Each structure stands twice: as C-alpha cells, then as structure tokens.
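Here are some questions and answers on a protein model, meant to be read beside the sequence and the structure.

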Amino acid sequence: MPGYLLHLLEGNLFLQKYDKTLLKDCSDEWKNQFLIGCLLPDTAKDKTFSHFRHRLKKKMIFTYPHPEDFAAKYPVSPEHPVLFGYYMHLNLDYHFLDTILVNSVSLYDENRKPTENWTDMKWAHIHKTGKWVNPLEFFSDDYMYGDYTTLNAFLISNYSIRIPQLPPSLEEVPDEVNYDDMHEVIEYLQHSIQSSFDQMKDGSDDTEPPELKVFDWEQLLQLIEKEISRISLLLDNPQQKI
C-alpha cells in the first residue's frame with residue numbers, strides 16, 4: 001500500500017487543484033478534516049477492518065480494500081470531509097494494488113510457481129530489475145518500504161505538503177479506527193519532514209526523482225492524478241458511481 005506521504009500528497013494535490021473551483025467555498029477546517037480522513041485508515045494496526053477487506057481472504061498476499069463497502073456504511077460526499085478523505089484513501093489503495101503493485105512484483109512458492117497465499121510464499125520476483133529475493137526482504141526497508149522512505153525526501157522537497165492539525169476531538173470518525181492513533185502518524189510525518197530538511201542542509205540534492213528499486217515515480221504520480229480526477233466527480237454528484 002502507498003505510504004503516509006503518498007496519501008497526504010494525493011490529498012494536498014486534490015485541494016490545490018480544485019481550490020479555486022470546486023472547493024472554493026470549503027473552509028480551512030473542511031480542508032484540515034479532509035486531510036485527516038486521507039490518513040485515518042492507516043492508523044489501525046490491523047488493516048483488515050479499517051480498509052474494509054474481506055476477512056475470508058485474510059491469508060491472501062494482496063487483499064484488496066473495498067471502498068464500496070465503506071460507501072454502503074457511511075455517507076461519502078463533500079458534506080462529510082473526514083469520510084470523503086477516508087474514501088479517497090481506500091480508492092488509492094485499491095488502484096495501487098490493481099495497477100502498480102501487481103505489475104511490480106510476482107510472488108512464488110518454493111518451486112517458483114505463482115502463489116497468492118502468505119503461507120506458500122517463498123520468492124519475490126521484482127519486475128523492474130529481474131531480481132529474485134526473499135519475500136520478507138521484499139516487504140522491508142530493503143525494497144518496497146525502502147522505496148517509500150527514498151521518496152519521502154523528494155516529495156517534501158518538491159511539493160507543498162500540508163500536515164493536518166489534530167483537534168482535541170473529531171466528529172464522524174469511522175468505527176473501524178481510533179482517532180487517538182492519529183497522533184503517532186502525525187509524529188512520523190513531522191519526523192520525516194525534519195529529516196528531509198536536515199538532508200537538504202547537508203547538501204543532498206532531492207530535486208530529481210529518485211531511483212527506486214521496485215516502483216516507478218512517474219507511474220505513481222500518474223495514478224495519483226487519475227484518482228484525484230475520479231474522486232472530483234463526487235464533488236458535483238455524490239451519488240455518482242466511480
């Protein structure tokens with residue numbers, strides 16, 4: 001799944017793109033609550049419930065979130081900024097799995113036959129480089145999550161990313177998450193930004209897209225931009241199927 005900063009980037013780019021048009025009447029409080037919603041699903045330790053995954057598929061390697069289940073339980077419209085941001089998060093996760101991750105890595109059992117089950121997984125084949133690595137190594141800072149860390153400095157240096165402020169309490173927080181857990185996420189984001197500023201002081205050049213081991217930055221950006229355009233359709237017609 002995309003990291004915190006990619007979700008926050010999507011939310012910020014959405015606000016910036018439509019600030020003078022579809023969102024011109026939205027208050028700063030609305031925008032802040034929307035950005036909180038963009039991060040809320042990942043505050044849960046167990047993502048099964050917060051991402052509306054189907055529990056029968058919990059042993060599957062890639063378990064898709066189900067935004068439609070969220071929309072069936074909660075109102076998804078501009079009148080509900082937290083829920084609107086939450087819905088955007090789930091949609092990005094779904095299409096990231098469907099268009100980016102499955103085309104970036106293939107997973108195999110000990111006989112190098114394709115598998116979709118965690119218990120059978122023994123090999124990860126990275127499409128970008130052709131490397132075969134241990135799955136635990138792939139799902140670590142050495143590869144997949146390392147790409148997110150590498151991207152952080154670039155995103156912070158090249159985009160205006162607003163971190164939401166946390167009010168003491170928040171209405172319309174979905175039952176599947178605990179609002180208090182947002183503090184840990186905000187602390188992580190603040191630390192990431194400070195670390196990036198420290199790198200810039202050391203003369204590190206983060207103006208060019210970094211070389212990633214698994215993903216391609218241009219493909220990630222294209223996905224985010226496509227999702228922003230899709231979600232914007234709900235601003236005019238919340239009942240529209242996207």
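**Sheet, pocket and core**

Q: In which sense do strand 1 and strand 2 pair, parallel or antiparallel?
A: The model is a predicted one. In general, strands of a sheet pair through backbone hydrogen bonds, in either of two senses. Strand 2 covers residues 123-126, and 4 bridges link strand 1 with strand 2. One bridge pairs V105 with I126 of strand 2. The sense of the pairing between strand 1 and strand 2 is antiparallel.

Q: Which strands are the edge strands of the sheet?
A: The sheet is open and has 3 strands in the order 1-2-3. An edge strand here pairs on one side only. The edge strands are strand 1 (105-108) and strand 3 (132-133).

Q: Which helix supplies the largest share of the lining of the largest pocket?
A: The largest pocket holds about 710 Å³ of space, and 31 residues line it, with M1, K47, R53, M144 and Y145 closest to its centre. Helix 1 (4-18), helix 3 (47-50) and helix 7 (144-158) each give at least two residues to the lining. The largest share, 7 residues, comes from helix 7.

Q: Of which class are 18 residues in the lining of the largest pocket?
A: The lining also has 6 polar and 7 charged residues. The class with 18 residues is nonpolar.

Q: Which element gives the most residues to the largest nonpolar core?
A: This core has 72 residues, and F70 is among those with the most contacts inside it. Elements that give two or more residues to the core include helix 2 (28-39), helix 5 (81-100) and helix 8 (182-201). With 11 residues, the element that gives the most is helix 5.

Notes
Residues are numbered from 1 along each chain as its sequence is written. This is a predicted model: local features need pLDDT of at least 70, side-chain atom pairs count only at pLDDT 80 or more; totals for chains, interfaces and linings use all residues. Side-chain values use heavy atoms; hydrogens and water are left out. Two strands pair if DSSP finds at least two bridges between them. Helices (H or I, at least four residues) and strands (E, at least two) are DSSP runs, numbered from the N terminus. On a 1 Å grid over the protein atoms alone, a cavity is a set of points where a 1.4 Å probe fits but cannot get out, and a pocket is an open set with protein on both sides within 12 Å along at least five of seven lines; lining residues have an atom within 4 Å of a point. Grid points are joined across faces, edges and corners, and a volume is the space filled by probe spheres set on the points. Ala, Val, Leu, Ile, Met, Phe, Trp, Tyr, Cys and Pro count as nonpolar, Asp, Glu, Lys and Arg as charged, and the others, Gly among them, as polar. A nonpolar core is a set of buried Ala, Val, Leu, Ile, Met, Phe, Trp, Tyr and Cys residues joined through side-chain atoms within 4.5 Å. Buried means under 20% relative accessible area, exposed over 50%, partly exposed in between (1.4 Å probe, protein chains only).
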